[in-house]
Amino acid sequence: MLTKKPNLIFVSLLSVLFCQRERSVAQQKAVLLAAITSQKPVVLLDSASFSSQAKFETHWNMFYPWGTDHNGSARMYKEQVSVLSGGILQITANRRETWEGKSTADPKLRIFYHSGAVHWKEKITVSASKPRWIISGDFQVPSNTGTWPAFWITGASSWPPESDIMEFKGTDTVWQNTATGPDWKHLSWQNKLSRVASPQNWHNYKIVMQKTSAKDMSIEYYVDGVKTDTHTANFVGKPFWLIINMQMEGDSGIGGQSLQHAVMKGKNVYVAAYSN
């Protein structure tokens with residue numbers, strides 16, 4: 001027994017030192033975060049961007065950053081996007097039976113719908129100079145089979161990265177997803193699914209992105225102010241586009257001829273960055 005006591009003391013000392021180090025690292029991170037969050041954010045986008053057609057055109061571009069097609073059966077048209085009174089963006093999808101070919105994006109579904117997509121003209125990049133970002137928006141969305149509304153950020157120079165702040169796939173479940181690489185052939189997904197009561201009513205969807213190391217950041221996901229999950233991704237220094245769109249069918253199921261019309265609305269879209 002006497003020969004074991006020094007070992008026990010040594011192990012105990014190591015445990016104390018390890019705990020002290022962990023507390024020190026945690027305290028340093030807490031101090032850094034407190035310093036950042038105590039600063040006033042630079043608001044880059046707010047509800048005024050939908051207050052008029054002129055304001056909308058100042059801040060937003062039509063379509064996806066890459067064009068009019070994506071991974072569903074809808075093709076984007078500017079006529080399907082409207083700015084309403086009260087600072088509301090409306091996107092309407094209408095079914096068409098006339099042959100318009102297939103989507104140019106995989107899985108190259110036949111085009112059955114005219115719908116709408118917009119993307120913010122600026123880019124979002126978590127960096128050493130801007131280590132914390134908040135992106136938020138209020139939305140009314142359909143949740144019937146065949147509807148696929150989304151509010152998301154995606155890589156401006158490569159894919160992945162991707163973060164889906166709000167995505168509905170034909171049900172009342174919101175998907176909040178993070179896609180990491182190293183590339184599109186070797187994807188890794190982090191997914192959080194949450195039921196939302198009556199998505200057709202206004203709900204708020206938000207992420208908070210925080211730089212945690214030279215390469216990594218945390219992404220906190222929220223629905224109506226309640227944190228749903230935290231993901232970790234190597235997105236530091238990678239620029240993003242911010243997109244609002246309503247794709248149709250694809251992952252949301254087949255609506256068919258019974259789904260002739262669908263509408264999503266958005267307001268209070270907010271983007272802010274904290275600087276060091």
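User: In which loop is Ser 198 found?

Analyst: This is a predicted model, in which local features need pLDDT of at least 70, side-chain atom pairs count only at pLDDT 80 or more, and totals for chains, interfaces and linings use all residues. Residues are numbered from 1 along each chain as its sequence is written, and side-chain values use heavy atoms, with hydrogens and water left out. Strands (DSSP runs of E, at least two residues, numbered from the N terminus) serve as the landmarks here, and Ser 198 is found in the loop between β12 and β13 (203-211).

User: What is the phi of Ser 198 near?

Analyst: Most residues other than glycine have a negative phi. Ser 198 is a residue other than glycine with a positive value, and its phi is near 55°.

User: Is Phe 63, in the loop between β2 and β3, buried, partly exposed or exposed?

Analyst: Buried means under 20% relative accessible area and exposed over 50%, with partly exposed in between (1.4 Å probe, protein chains only). Phe 63 has a relative accessible area of 25%, and by these cut-offs Phe 63 is partly exposed.

User: Which residue does a cis peptide bond join to Trp 159?

Analyst: Most peptide bonds are trans. The bond in question is cis, with omega about -10°, and the partner lies in the loop between β9 (147-155) and β10 (162-168). The residue joined to Trp 159 is Pro 160.

User: What is omega for the cis peptide bond that joins Pro 160 and Pro 161?

Analyst: Pro 161 lies in the loop between β9 and β10. The peptide bond joining Pro 160 and Pro 161 is cis, and its omega is about 25°.

User: How far apart are the closest N and O atoms of Glu 97 and Arg 95?

Analyst: A salt bridge is a side-chain nitrogen of Lys or Arg within 4 Å of a carboxyl oxygen of Asp or Glu. Glu 97 counts as partly exposed at 38% relative accessibility, whereas Arg 95 counts as buried at 12%. The two form a salt bridge, with their closest N and O atoms 2.6 Å apart.

User: How many residues apart in sequence are the parts tied together by Asp 172 and Arg 195?

Analyst: The side chains of Asp 172 and Arg 195 meet in a salt bridge, at 3.1 Å from N to O. Asp 172 lies in the loop between β10 and β11 and Arg 195 in strand β12, so the parts that this pair ties together are apart in sequence by 23 residues.

Note on methods. Helix = DSSP H or I, 4+ residues; strand = E, 2+ residues; numbered from the N terminus.
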